[in-house]
Amino acid sequence: LLVSKDLGKHLLEVEDLLQKHGLLEADISAQTERVQALNAAALKFSELEGYQPCDPQIICNRVNHVQTCLEELEELAAKRRKELEDSRQLWTFFQEMEEAEAWIREKEKILAAKTCGRDLSSVMTLTNKHKTMLGELGNRRALLHQTMKKGEKILAKKSFSSVGIQEKMREVCLRWKKLEEVTGLHQQRLEDALNFFQFSAETDDLVAWLQDTYRIVSSDDFGHDDYSSQALLRKHRAVVDEVEKHRAAVLSLRKQLALLAPDHRQGVDIQIRVVEVEQLYGEVAEVAVLRTQWLQDALAVYRMFSEVHACEVWVDEKEQWLEKMEVPEELDEVEVVQHRFESLDQEMNSVMGRILDVNQVVQQLVDGGHPSSDEVRSCQDHLNSRWNRVVELVENKKSQLSSVLKIQNFLLEC
């Protein structure tokens, strides 16, 4: 049993042989105690004085022979245990290598069947799963490294043929290297897909924002008075600021596109999408500028109407006063009226300046092609007409006062 060359052909068989060898070692251990007891008893016969039933030398020789046989048996048992343990180490190595190969084959099949997703959500899900697999890959790499060290130790002992061990190590190393390459390529494809779908999502968000902004800046609501137009203009300026802030994002689209993987950036759809975004942004920016001008024009119109109304109120008041006023014939009363006209002249100079400003604003609106040019021009003509009427009345009253003064002065001289 101890000189048997059967060291097992697989791990389970070696484990079975080791179990049987353990029983044999236990039996040898039990027999060792018995042999030692028998040898001790036998040696007592070699030490007897007087009558000796057997030659002491024969007894010693027999004891030495049995002891030597026992020691040889123990040496054989130790040698076979070492051989069996070496065999177990060898088959453990092969089993671990087979398990590693099976794991590699499984992951190769999974990677071969994996896609990169169809949208941002699916790509992120696959990316998270791939990160989990990378963790498994790291753990398996550490285990394989330990198994490789076991193989190197077996080779160093030179207990078995190195051909099979080296071939298995080389084969598994090649498959592992290929698996890491495939894993790296799949990770790169996932990263490329993630970058592409993130770019697409950001582009879609930008398009949605531009479309909403276009609806805002193309509104035909310019307010109904000075206050509402100012409020709309303030809101619009905030929108214009946002449009300007998004300019950098639009300008960077082509740079971001150039950073995508060739398969993604060379797609016709994505290139058309970028052009559409650039065109849409240009339209939004252009319409925003136009709306700024339209709101400013509307504000100018409402302010002009307000100024016209204020001037006309003054004109109404003076026109009524002038029409009702009768030129007095008494000198002292004439002088009072004359002082009033001096104050009126100052007021008229002030109002005249305001009317000139109104005329200037009207001319700017008309020259700028404002859609309410006819209405503005009509308002201007009406104001100027009434102003001329007041000027005419003032001149007429002044002429009458001058005539009365001349008559009164003549009478005083007489």
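This report walks through some helices, salt bridges and surface features of the structure above.

The model is predicted, so a few ground rules apply: local features need pLDDT of at least 70, side-chain atom pairs count only at pLDDT 80 or more, and totals for chains, interfaces and linings use all residues. Residues are numbered from 1 along each chain as its sequence is written, and side-chain values use heavy atoms, with hydrogens and water left out.

## Helix α5

Let's start with helix α5, which covers residues 226–245. Helices here are DSSP runs (H or I, at least four residues), numbered from the N terminus. What span should the 20 residues of α5 have at 1.5 Å a residue? The answer is 28 Å, and the end C-alpha atoms are 29 Å apart, which agrees. The expected span is 1.5 Å times one less than the number of residues in the helix.

Which residues of α5 are buried? They are Ser-228, Ser-229, Leu-232, Leu-233, His-236, Val-239 and Val-243. These residues cover an arc of only 130° around the axis, so they sit on the same side of α5. The arc is taken from the directions from the helix axis to the C-beta atoms. As for the wording, buried means under 20% relative accessible area, exposed means over 50%, and partly exposed is in between (1.4 Å probe, protein chains only). Turned away from the buried side is a face that carries the exposed residues Tyr-227, Lys-235 and Lys-245.

The N-terminal end of α5 has a cap: a side-chain oxygen of Asp-225 lies 3.3 Å from the backbone nitrogen of Tyr-227. That is a polar contact, meaning a pair of N or O atoms within 3.5 Å; within protein, one must be able to donate a hydrogen and the other to accept it, and residues adjacent in sequence count only if both atoms are side-chain atoms. Ser-228, also in α5, counts as buried because its relative accessibility is 13%. A polar atom of the Ser-228 side chain lies 2.8 Å from the backbone nitrogen of His-224.

## Helix α3

Helix α3 (residues 120–157) has 38 residues and reaches 55 Å from its first C-alpha to its last, close to the 56 Å expected at 1.5 Å a residue. Its buried residues include Val-123, Leu-126, His-130, Met-133, Leu-137 and Ile-154. At the start of α3, a side-chain oxygen of Asp-119 comes to within 3.3 Å of the backbone nitrogen of Ser-121. Just after α3, Lys-158 takes a positive phi of about 55°.

## Salt bridges

How many salt bridges are there? The count comes to 24, where a salt bridge is a side-chain nitrogen of Lys or Arg within 4 Å of a carboxyl oxygen of Asp or Glu. Here are three of them.

| Pair | N to O distance |
|---|---|
| Lys-168 and Glu-101 | 3.0 Å |
| Asp-204 and Arg-273 | 2.9 Å |
| Arg-215 and Asp-212 | 2.1 Å |

Lys-168 and Glu-101 form a salt bridge. This pair links distant parts of the chain, with Lys-168 in helix α4 (residues 162–217) and Glu-101 in helix α2, 67 residues apart. Both Lys-168 and Glu-101 are buried.

Asp-204 and Arg-273 pair up as well. They too link distant parts of the chain: Asp-204 is in helix α4 and Arg-273 is in helix α9 (residues 268–324), 69 residues apart. Asp-204 counts as partly exposed at 38% relative accessibility, and Arg-273 counts as partly exposed at 26%.

Arg-215 and Asp-212 both lie in helix α4, three residues apart, about one turn of the helix. Arg-215 is exposed, with a relative accessible area of 53%, whereas Asp-212 is partly exposed at 37%. Elsewhere, salt bridges that share partners join Asp-316, Glu-319, Glu-323, Arg-386 and Arg-389 into one network.

## A surface patch and two C-alpha distances

Val-3, Leu-73 and Leu-76 form a nonpolar patch on the surface, with about 240 Å² of accessible area together. Patches are made of residues with over 30% relative accessible area and no salt bridge; like charges are joined within 9 Å, and nonpolar side chains (Val, Leu, Ile, Met, Phe, Trp, Tyr) within 5 Å. Accessible areas come from the Shrake-Rupley method with a 1.4 Å probe, and for residues only the protein chains shown count as cover. Leu-76 lies in helix α2 (residues 56–113) and counts as partly exposed at 32% relative accessibility.

Leu-70 lies in helix α2 and counts as buried at 7% relative accessibility. The C-alpha atoms of Leu-70 and Gly-282 are separated by 102 Å, with their positions 212 residues apart along the chain.

Notes. Helix = DSSP H or I, 4+ residues; strand = E, 2+ residues; numbered from the N terminus.
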